[in-house]
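Open the model in your viewer and keep a selection prompt at hand. The stops below go through charged side chains and end in a helix.

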Amino acid sequence: MSLAAFNRPEPESLAPVVAVMNMKGGVGKTTIAANIFGSIYKDHHKRVLLVDMDPQANLSQLLVPQRAQSAAIDLDKSIISAFEPGRPVGAPSPATELTTIGAISGAPVSPREIAHSLAVSRGKGKYLDLIIGQFEIAKYTLPQTQRMDEVLGYFQHFIALARREYDIVVLDVSPSSSHLTLAALQAATIVLAPVR
């Protein structure tokens, strides 16, 4: 893959969104998201946002100590706030309801406000951030139709904000056919499907 696909020729252009996905588990999606895009941050000084969209949260477990994950999740500074309003915007936590979706209103929180900082290049203004994953997003894998269009729209707005704040947005997607997969496909400008 050429790094040219990730260059933004004009300052006002939007960052690419790479969905690392495959319906099969164990093909290296999380490993690619962490290592390849971590290397792009480190070696090419890009502002990279990793988004853990898997209810198993393996990307988060790989990169962030459990205590820090739990603290972020307790404050809704995690993937749940990318899909529904939560504590960062003064709303009740959507993580408390595993089968229902709350009222969707207003603009999502800025991705930088809820992202966990993994690394910062001092003096270069470049950073590697992670939106921490959590099990409660499993509710978006259920075959429900109530309010899912609103949730998907809210997520698209969240990703649009991220595309302005980062050079590359990377979605680590769960190996399932669900609303999470649909959200990733709708947001992606590039789909990277690792296979063995």
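Relative accessible area sorts residues into three classes: buried is under 20%, exposed is over 50%, and partly exposed is in between, with a 1.4 Å probe and protein chains only. The model is predicted, so local features need pLDDT of at least 70 and side-chain atom pairs count only at pLDDT 80 or more, while totals for chains, interfaces and linings use all residues. Residues are numbered from 1 along each chain as its sequence is written, and side-chain values use heavy atoms, with hydrogens and water left out.

**Stop 1: K126 and D167.** Select K126, which is partly exposed at a relative accessible area of 22%. Add D167, which is buried at 9%. The two form a salt bridge (a side-chain nitrogen of Lys or Arg within 4 Å of a carboxyl oxygen of Asp or Glu), with the closest N and O atoms 3.8 Å apart. This pair links distant parts of the chain: K126 is in strand 4, and D167 is in the loop between helix 6 and strand 5 (168-173), 41 residues apart. Helices (H or I, at least four residues) and strands (E, at least two) are DSSP runs, numbered from the N terminus. Now add R47, since R47, K126 and D167 are linked in a network of salt bridges.

**Stop 2: R112 and D129.** Stay on strand 4 and select D129, then R112 in helix 5; the pair links distant parts of the chain, 17 residues apart. Their side chains meet in a salt bridge at 3.1 Å, N to O. D129 is buried at 2%, whereas R112 is partly exposed at 38%.

**Stop 3: K139 and E84.** Which parts does this pair tie together? A salt bridge joins K139 to E84, with the closest N and O atoms 2.8 Å apart. K139 lies in the loop between strand 4 (126-131) and helix 6 (148-165), and E84 in the loop between helix 4 (80-83) and helix 5 (111-114), so the contact ties together parts 55 residues apart in sequence. K139 is buried, at 1%, and E84 is buried as well, at 2%. Over the whole structure, a search finds six salt bridges.

**Stop 4: A184.** Leave the charged pairs and select A184 in helix 7 (residues 179-187). Is A184 buried or exposed? Its relative accessibility is 0%, which counts as buried. Show its contacts (heavy atoms within 4.5 Å): leaving out residues up to four places away in sequence, A184 touches A19, M53, L171 and V173. Finally, select M21: from A184 to M21 is 8.7 Å, C-alpha to C-alpha, although the two are 163 residues apart in sequence.
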